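Please open the structure in your viewer and keep the selection tool at hand. The tour below proceeds stop by stop, stating what to select and what is found there.

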Amino acid sequence: MSTTTQRATSARTPQRTEGRLDRMGIPRPLALGFVAVLVFMTGNGVESNFITPHIVAVLGSPETTVATIVTFYSLAALIGSYVSGALSDLVGPRRVMVLGFAVWVVFEVLFLIALAVGSVPFAAVSYALRGFGYPLFAFAFLVWVNITTPVERNGSAVGWFYVAFTGGLPTLGSLFAIGAIPLFGGGTGGETGAMIASVGLVLIGFLVMLFGVRLPNGFSRIAPEGESTWRVLTSGVRLTVTRPKVLMGFLVRLINTAPEFGMFVVLPAVIAQDRGWGQGRWLLMTVCVYATNILVNALFGWVGDRIGWQRTVKWFGIVGSATGLVAWWYVPQLVPAGSDWGYVLSVVAGCVFGCLLAGFVPMGAIMPALAPDHKGAAMAMYTTAAGGAAFLGTGVVAAVFALGGGGQAVTWTFVGLYACAFVMIHFLRVPQGDRTH
């Protein structure tokens, strides 16, 4: 989005007195949008930590096949993440959020039907297409946040967005699953009941957005009026090809949460079965790990606004996350299987990873700053990377498993990717208010 367009967009938005929420980094007219994303992503996250073993059990497919199905879902999320930014430029973020809700509900219902009739191809296609839903809803709102928030508070605003996003996926989603699975009878039947209930949560999140967020700048086109539809839709790709720093920013954000999604595939069986702590404790561990992430997302946005976005990502995000990931893999292997104190130490190790993963939050401010004359296109690539992290994470697992590796090989592959991000972040110095970081 050009500077001229941004001024025009601001001009269409009524001037208002800033309140406490604004000063915290939450634009007051968008406040209920953060709630909507939280509830929507809670519904989306209900299945996140049992979907792989659930499909294996219901369809009788081998784990490798199911990992491939989940990878196609992640690929759809990657494409949907780009489209969320590009379409927001074209028709406004609110309309894109409505589309995301519709896609999610339709293909979730079809996926549940596919599981009920035991059709592997039907389940694979419907689950993959459902992957378009959540990025269209959530990342379109992130674009809305970006075009509304003053640049000096952009890091904090992105932090609050990820409080809502990770608050739902996987934290509150897993917590909901812990209660819902036994309520619906336990086992695969209880898991199916929990997934059916998740549709209600997604509907509530949508209704909160529909009736609670009506800021005018989200209803209309963001891109300059003279640009063709094709140029708007391809602007992010062209920007990435012509500006190497945007490409590096894209890759750093892509690497950011890839291990999170990879561990969703690797760790359920390790924690619940191999180490003997059961599904309930695996879900509780996930809640603890990502509750920690929620608590510090806004904090690291604030830290980035003060000590520098680049510095925060480099040391807290990259180095910190790599250290935490290694701890989360090895601590459960080193403590006695099934022991209570070993489980507590394993949870603590996971919480270190969850906490320092939030150090990447300022990437949401760095990306538009890398292309201030094309903010919409830059945010399209940021949201693509955010959605693509799921594809990269599950893809790494599928590739390592196919080559005969296991969880340890997956973990060190992700550490190697973090090392690449450490090199690239060195080149991503951007203006930050009256400073450059």
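The stops that follow concern helix pairs, salt bridges, a surface patch and one distance. Please bear in mind throughout that this is a predicted model.

**Stop 1: helices α4 and α10**

Select residues 51–59, which form helix α4, together with residues 187–212, which form helix α10. Two packed helices are described by the angle between their axes and the distance between the axes. For α4 and α10 the angle is about 125°, and the axes lie 10 Å apart. The two helices are therefore oblique to each other. Rotate the view to examine how they pass: the crossing of α4 and α10 is left-handed.

**Stop 2: the salt bridge between Arg130 and Glu47**

Next, select Arg130 and Glu47. The closest N and O atoms of this salt bridge are 3.0 Å apart. Where in the chain do the partners Arg130 and Glu47 lie? Arg130 belongs to helix α7, whereas Glu47 sits in the loop between α3 (31–45) and α4. The pair thus links distant parts of the chain, the two residues being 83 residues apart. Are Arg130 and Glu47 buried or exposed? Both residues are buried. Now add Glu108 to the selection, for Glu47, Glu108 and Arg130 are linked in a network of salt bridges.

**Stop 3: two further salt bridges**

The count of salt bridges in the model comes to five. One of them joins Arg221 and Glu225, with 4.0 Å between the closest N and O atoms. Arg221 counts as buried because its relative accessibility is 16%, below the cut-off of 20%. Glu225, by contrast, has a relative accessible area of 65% and is exposed, since the cut-off for that class is over 50%.

Then select Asp340 and Arg281, which form a salt bridge whose closest N and O atoms are 3.1 Å apart. Asp340 lies in helix α16 (residues 340–357) and Arg281 in helix α14 (residues 278–307), so this bridge ties together parts that are 59 residues apart in sequence. Arg281 has a relative accessible area of 30%, and is therefore partly exposed.

**Stop 4: helices α15 and α16**

Keep helix α16 selected and add helix α15, residues 309–334. How do the axes of α15 and α16 cross? They come within 7 Å of each other and cross at roughly 160°. Because of this angle, α15 is roughly antiparallel to α16; the cut-off for that description is over 145 degrees. The crossing of α15 and α16 is left-handed.

**Stop 5: a nonpolar surface patch**

Turn to the surface and select Val109, Ile113, Val117 and Phe122. Together these residues make a nonpolar patch of about 320 Å². Which helix contributes the largest share of the patch? Helix α6 (residues 93–117) does, with three residues. Phe122 is found in helix α7, residues 120–130. With a relative accessibility of 31%, Phe122 counts as partly exposed.

**Stop 6: from Arg306 to Val237**

Finally, return to helix α14 and select Arg306, which is found in that helix. Arg306 counts as partly exposed because its relative accessibility is 44%. Add Val237 and display the distance between the two C-alpha atoms: they are separated by 31 Å. Along the chain, Arg306 and Val237 are 69 residues apart.

How values were computed. Residues are numbered from 1 along each chain as its sequence is written. This is a predicted model: local features need pLDDT of at least 70, side-chain atom pairs count only at pLDDT 80 or more; totals for chains, interfaces and linings use all residues. Side-chain values use heavy atoms; hydrogens and water are left out. Patches are made of residues with over 30% relative accessible area and no salt bridge: like charges are joined within 9 Å, nonpolar side chains (Val, Leu, Ile, Met, Phe, Trp, Tyr) within 5 Å. Accessible areas come from the Shrake-Rupley method with a 1.4 Å probe; for residues, only the protein chains shown count as cover. A salt bridge is a side-chain nitrogen of Lys or Arg within 4 Å of a carboxyl oxygen of Asp or Glu. Helices (H or I, at least four residues) and strands (E, at least two) are DSSP runs, numbered from the N terminus. Buried means under 20% relative accessible area, exposed over 50%, partly exposed in between (1.4 Å probe, protein chains only). Axes are lines fitted to C-alpha atoms, for helices over the stretch in contact, and angles run from 0 to 180 degrees between N-to-C directions. Angles under 35 degrees count as roughly parallel, over 145 as roughly antiparallel, 65 to 115 as roughly perpendicular and the rest as oblique. A crossing is left-handed if the near helix is turned anticlockwise from the far one by less than a right angle, and right-handed if clockwise.
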